[in-house]
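User: I would like to learn how to read a structure like this one, feature by feature. Could you give me the general idea each time and then the case at hand?

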Amino acid sequence: MGCRTKPSRSSNRMAPTTEQRAIARFRNTMPERGLKKPRAPAVAMIRTRFGAVIVFVAVGCVSRPPELPWPAGDIIDLSHAYDADAIFWPTAEPFRLDKVADGITGGGYYYAANNFFTSEHGGTHIDAPVHFAQGHQSVDQIPLDRLLGHAVVVDVSGRAESDADYQVTQDDLLAWERINGSLPAGAIVLLRTGFSRRWPDATQYLGTAERGEAGVAKLHFPGLHPDAARWLITNRSIKAIGIDTASIDYGPSKLFESHRLLYAEDIPAFENLTGLERLPPTGAFIVALPMKIKGGSGAPLRAVAVVPR
Ligand SMILES: [Zn+2]
């Protein structure tokens with residue numbers, strides 16, 4: 001027999017003290033943080049407009065963890081931490097954490113708080129379509145469904161290791177499909193170049209630690225070839241794309257064609273991801289939630305993947 005909540009009716013003459021006791025009992029039997037509580041009936045009451053009290057009793061169900069539509073498995077962090085070493089585009093202001101309080105207050109308790117500053121496009125972040133597609137979605141307008149889904153990982157780390165300017169090609173995607181089958185509709189495609197291992201060494205990761213426009217001219221890191229972006233848009237139906245480098249277009253890009261092609265189709269990109277080496281080619285589920293900046297062209301991103309055991 002399944003768990004059922006059974007309503008029963010009691011008199012409106014019930015003494016307030018009994019009611020309070022029942023509510024307290026209900027609260028004490030609520031499951032909390034997955035911890036098991038002793039099996040005991042849960043009691044909830046609603047007072048009707050006529051003064052009668054409806055009592056709900058759920059016997060033997062309260063110790064069972066809630067069944068969530070959530071895949072079981074190992075949870076992998078795909079985001080770098082924001083700190084003074086976090087890598088930002090050479091022309092973007094880096095992350096800053098300003099201490100406001102850190103110590104024992106006059107009240108005798110400990111209190112810590114900070115202010116932070118960040119550019120949109122640094123650290124592990126999302127590019128909203130409006131970043132390169134006028135009139136398209138800003139961060140707050142990206143449908144949540146785009147940010148949750150089944151991940152596929154295309155590993156080009158071998159090629160990228162010997163060529164910092166490597167661009168993921170249509171052939172790379174087709175080679176992946178020959179082994180794993182066609183890219184499923186609604187997939188979130190993650191491009192693994194292996195460059196996250198170089199973080200936070202900007203010279204290794206970006207090709208230069210120089211700041212400003214002079215730094216931009218010296219950028220070298222892998223990205224997605226515009227022809228491959230075009231092929232994905234034309235022939236497959238993906239929700240989002242991600243990469244473990246600073247940009248979905250490779251370092252030397254001047255026209256940012258992959259950005260422009262993808263964002264015109266409202267396909268957002270996750271940049272500066274990490275931990276992709278821990279994901280299988282298929283089977284992981286990704287949750288990539290950015291800070292909800294109204295009108296933002298990008299935002300800090302906390303991305304995690306659930307990998308089935
Ligand atoms: Zn960006």
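Analyst: Helices and strands are here DSSP runs, a helix having at least four residues in H or I and a strand at least two in E, and they are numbered from the N terminus. The model is predicted, and in its chain there are seven helices and 15 strands. As an example of how a helix ends, α7 is followed by D266, whose phi is positive, near 60 degrees.

User: How many residues does the chain have, and what share of them is buried? What is the average pLDDT?

Analyst: The chain has 309 residues, of which 32% are buried. Its pLDDT averages 85, with 78% of the residues scoring at least 70, but over residues 1–61 the value stays under 50, and for that stretch the model has 59 contacts beyond four places in sequence. Among the contacts in the chain with a separation of 6 or more, 72% are between residues 24 or more positions apart.

User: How should I read the side chains along a strand, and which residues of β14 are buried?

Analyst: In a regular strand the side chains alternate between the two faces of the sheet. Strand β14, residues 284–290, is such a case, for A284, I286, A288 and P290 point to one face and are buried, whereas F285, V287 and L289 point to the other and are not.

User: Which strand pairs with β14 over four bridges, and which over six?

Analyst: Strand β8, residues 148–155, pairs with β14 over four bridges in the antiparallel sense, and β15, residues 298–307, does so over six, again antiparallel. I286 of β14 is a useful residue to follow, as it is the bridge partner of G149 and has A305 of β15 as its bridge partner as well. F285 in β14, in turn, has H150 opposite. β8 also runs parallel to β10, to which five bridges join it, and there A151 has I188 as its bridge partner.

User: Where does the largest nonpolar core have the most contacts?

Analyst: That core has 60 residues, and those with the most contacts inside it are A151, V154, V189, L190 and I238. The largest share of the core, five residues, is contributed by strand β10, residues 187–192. If residues up to four places away in sequence are left out, V189 touches V152, V154, L183, I238 and I241.

User: Why do the buried residues of α6 line one face of the helix?

Analyst: An α-helix has 3.6 residues a turn, so residues three or four places apart point the same way. In α6, residues 226–235, the buried residues are P226, A228, A229 and L232. Seen down the axis of α6, these buried residues fall within an arc of 160 degrees, and therefore they line one face. On the other side of α6, T234 and N235 are exposed.

User: What do the buried residues of α6 pack against, and what covers those of α7?

Analyst: The buried residues of α6 pack against β9, α3, β11, β12 and α7. In α7, residues 257–264, the buried residues are S258, H259, L261, L262 and Y263, and what covers them includes β7, β11, α6, β12 and β13.

Key. Residues are numbered from 1 along each chain as its sequence is written. This is a predicted model: local features need pLDDT of at least 70, side-chain atom pairs count only at pLDDT 80 or more; totals for chains, interfaces and linings use all residues. A residue is buried if 20 or more other C-beta atoms lie within 10 Å of its own, exposed if 12 or fewer, and partly exposed in between; C-beta atoms are placed from the backbone. Two strands pair if DSSP finds at least two bridges between them. pLDDT is the predictor's confidence in each residue, from 0 to 100. Two residues are in contact if their C-beta atoms, placed from the backbone, lie within 7 Å. A nonpolar core is a set of buried Ala, Val, Leu, Ile, Met, Phe, Trp, Tyr and Cys residues joined through C-beta atoms within 7 Å. The arc is that of the directions from the helix axis to the C-beta atoms.
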